[in-house]
Amino acid sequence: MGRNTRKRRSSMATKAVAASAALALGGGGLIWANFYASAGESKNSSQNQVKAAAGQVATISCPDVGQKLTNVPGGARQGVDRELANLDKQITEAYARLASTRQAQAGDPGFVQNAILGPLKDKRAATIDRIRINIQRVGGQAQNLGSLATCTPQVAQTNAGGQNGGQQNGGQQNNNGGQQNNNGGQQNNNGGQQNNGGQQNGGQQGNNGGQQGNGGQGGNGPVAADFVDITQVQPNAQLGVGPNGLAANGRGGSTGTFTTNCGTNGNDNHNTDNVIVAPGVTNGAHHLHDYVGNQNNDAFASDQELANAQTTCQNQGDKSSYFWPVLRLQDGTQDFDQNNDGGGKEGNVGRILQPAQAQLKFVGNKRGPVVAMPTALRIITGDAKSFVNGLGNANVNWSCTGFENKVQLKDKYPICPQGSQVVRTSNFQSCWDGQNIDSANHRTHVAFVQGDGTCANGFKAIPQLQVRLVYNVPAPKIQNGQVVNPYAVDTFPEQLHKPITDHNDFINFFSTNLMNKMVNCINTGKKCQ
């Protein structure tokens, strides 16, 4: 392999305690507000609003170029993936500059545009042009991507009572399903969504541990409005219902299950790569992943290396790779990556929490049999950038043990009652195009079932992976509008550790025999492992 980035935490790292500045948490009474004036405001009032908010830009929202690339020739994939990783790096660097120049922003209303967003646009335009050249060089047709170079600011404004309203509404938003969330995501692109915004930033210093009142130990979230007491949320969940509103394996069709036990990453196999999205790029994820199953997964792993790897799965015929962003407790404790890229240097701080349980189960299709997954099939579910992308690809379920059949949260972290554990659940796409193990945007070769349980467009039903992660997490407390000892999922820094950004990844390396056994178990209604 090109390199091995697996790291093991030292006992000293997990016990080190940050300075007392870590106690300055939260962001005090801020909610998201639209950066631009409403239609009813005058030109002058719009200008005044921008000037007043210039020092309060909370994050940067950039169009996701990768999601627009639905047809990239194979010969251009490697070059395109590297340039897409460059776009992510540029946003990360721009966000770091945003977070470290609060004083300059407060003194100059044009600072963000002139010193951060303008140069970022120029860099993105050059990178996007290289993407176009890569595609055209091998005879492909490049889409018109030039308009995607411009990034916009999301700003925060003081608003009394924003926290309580955001928490309560966020917790109950899920009652009405994905449509309301999707609308919220569109607002969020414009910086307008109140529920997810919470109390972030507010023009104060905060990056790489700068903890002066803008949320979380790392200075970029989470905030009080990102949490909700799950006992105060109205029931909204339906047993066994996934993000598409349909039971994964209903009374008809293929009702069996196949469970694989691959552990909880007790050997601390971590890295900040993503071989699916950014192959060959170190720190392509800008956040840390837990890995179970396949032990050779890093940015430089080839399919052959993955196929020949060791596995933590009890059944050695399963060398699949299962990986997700780590969950951290921001209690002032440092971990091994406190000073590393993708870790503390990019706002992902605190003690890494190992799951108490990691349940990996494959289920069937409501309407009919499933077919075998192809070797090396890649599936990403959820969207690591959904806070600024909107919720089109979001697929998040947060809950607590004892509440999973009652409450599933999308845009809030649950505060669980005593004796209850935090639960993250991901139900993967279960329709495959029958040809490709991946696609240019890592989305279009797989899909969720339609409302009637069938696969559209000639896609084939495959076993649906369901990942359930359970954690022992000390319950955060909300004090004076701030969150004390929060927990948060690792994110790209500009995503502000929002719960909606949770996601999960899978690469299939089941042996042919074991995959056939899985399919047979599911199609004949058996429960196997």
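**Exercise 1. In this predicted model, work out the strand order of the open sheet of 5 strands, and find its edges.**

Solution. Start with the order: the open sheet runs 6-7-8-23-12, and its pairing is antiparallel. Next, look for strands that pair on one side only: these are strand 6 (270-271) and strand 12 (378-382), the edge strands. Now zoom in on one pair. Strand 7 (residues 289-293) and strand 8 (residues 321-325) run antiparallel and are joined by 5 bridges. To line them up yourself, find glycine 293, which stands opposite serine 321 in strand 8. As background, strands of a sheet pair through backbone hydrogen bonds, either parallel or antiparallel.

**Exercise 2. Take strand 13 (residues 397-400) and decide: are its faces covered or open?**

Solution. First, a reminder: in a regular strand the side chains alternate between the two faces of the sheet. So sort the residues by side. Asn397 and Ser399 sit on one side of strand 13, with Trp398 and Cys400 on the other. Then check burial, where the cut-off is under 20% relative accessible area. All four of these residues are buried, so both faces are covered. Finally, find the partner: strand 13 is joined by 4 bridges to strand 15 (residues 422-427), and the two run antiparallel. Within this pair, asparagine 397 stands opposite threonine 425.

**Exercise 3. Describe helix 4 (residues 74-99), beginning with glycine 74.**

Solution. Step one is to place the residue: glycine 74 belongs to helix 4. Step two is to ask whether glycine 74 is buried or exposed. Its relative accessibility is 62%, so glycine 74 counts as exposed; the cut-off for that is over 50%. Step three is to look across the fold: the C-alpha atoms of glycine 74 and alanine 440 are 8.7 Å apart, although 366 residues separate the two along the chain. Step four is the span. Helix 4 has 26 residues and reaches 38 Å from first C-alpha to last, close to the 38 Å expected at 1.5 Å a residue. Last, check for bends: helix 4 has a kink of about 25 degrees, centred on valine 80.

**Exercise 4. Step back and sum up the whole protein chain: how many helices and strands does it have, and what share of its residues is buried?**

Solution. Count the elements: there are 12 helices and 24 strands. Then turn to burial: of the 529 residues, 57% are buried. For contacts with a separation of 6 or more, 78% are between residues 24 or more positions apart. Finish with the outside: the accessible surface is about 20,300 Å², and carbon and sulfur atoms account for 45% of that.

How values were computed
Residues numbered from 1 in each chain as written. Predicted model: local features only at pLDDT ≥ 70, side-chain atom pairs only at ≥ 80, totals over all residues. Heavy atoms only, no water. Buried < 20%, exposed > 50% of the residue type's maximum accessible area, 1.4 Å probe, protein only. Pairing = 2+ DSSP bridges. Contact = heavy atoms within 4.5 Å. Areas by Shrake-Rupley, 256 points an atom, 1.4 Å probe, with all protein chains shown as cover. Expected span 1.5 Å × (residues − 1). Bend = angle between axes of the 7 residues up to and from the residue.
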